[in-house]
Amino acid sequence: MAVPADWVAFTDTVQKVTFSHPPVWKQRRDNTGIFYGEPSTTAEFGPAMIGAARIEGTDQAAALTRVQAGEFAGVSGLTRERSGPATDSNGQPTQEIAGSYDREGQRVSYLMRTVAGNGAVYVLIARVSTDASASLNTLMGALRTSFAPAA
């Protein structure tokens, strides 16, 4: 999977991650991770978003559960479409959770996948409007291809 040529590389020293994002997307940080979201004219961020969280001292399934609880507890209309072992776009084994929820009057779909390394589990997150759900795997693939643990 190729990373779009115009994406910008970014390293975050708090989450200890490097990944690329679309150049006009805006940064958002919360207690879970670091994210980049598309700009919006009606809200702070549009529906499309990518990000990463670093979880220490746990296995991949537990890291997913922790990020799921931190990011999606309390969101309206949360559904889980699938959860468990998968293969990522780089052909590597991963754990994943995919689902959808209501965000600012719009249905969005999200995908979280794990990458283990440097003594931690990294949870990569991609989100798109459910109307554009066909692009979710492409967005996650570009994030995964550009991702690396940072020192």
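Which residue of β9 stands opposite I55? Select I55 and look across to β9: the residue there is V121.

The model is predicted, so local features need pLDDT of at least 70 and side-chain atom pairs count only at pLDDT 80 or more, while totals for chains, interfaces and linings use all residues. Residues are numbered from 1 along each chain as its sequence is written, and side-chain values use heavy atoms, with hydrogens and water left out.

Next, select 49-56 and 120-129. These are β5 and β9, antiparallel strands joined by eight bridges. Strands (E, at least two residues) and helices (H or I, at least four) are DSSP runs numbered from the N terminus; two strands pair if DSSP finds at least two bridges between them.

Widen the selection to the whole open sheet, seven strands with antiparallel pairing in the order β3-β4-β5-β9-β8-β7-β6. At its edges are β3 (26-29) and β6 (76-87); each has a single partner strand, so one side of each is left without a neighbour in the sheet. From one strand to the next the twist averages 20°.

Now select 60-72. This is helix α1, lying across β3, β4, β5, β6, β7, β8 and β9 and running at about 145° to β8. Angles run from 0 to 180 degrees between N-to-C directions, with axes fitted to C-alpha atoms, for helices over the stretch in contact.

Finish at 136-146, helix α2, which packs on the sheet and touches β5, β6, β8 and β9; contact means heavy atoms within 4.5 Å. Eight of the eleven residues of α2 are buried (under 20% relative accessible area, 1.4 Å probe, protein chains only). Among them are L136, L139, M140 and L143. The buried residues pack against β2 (17-21), β5, β8, β9 and β10 (148-149).

Terms used. Buried means under 20% relative accessible area, exposed over 50%, partly exposed in between (1.4 Å probe, protein chains only).
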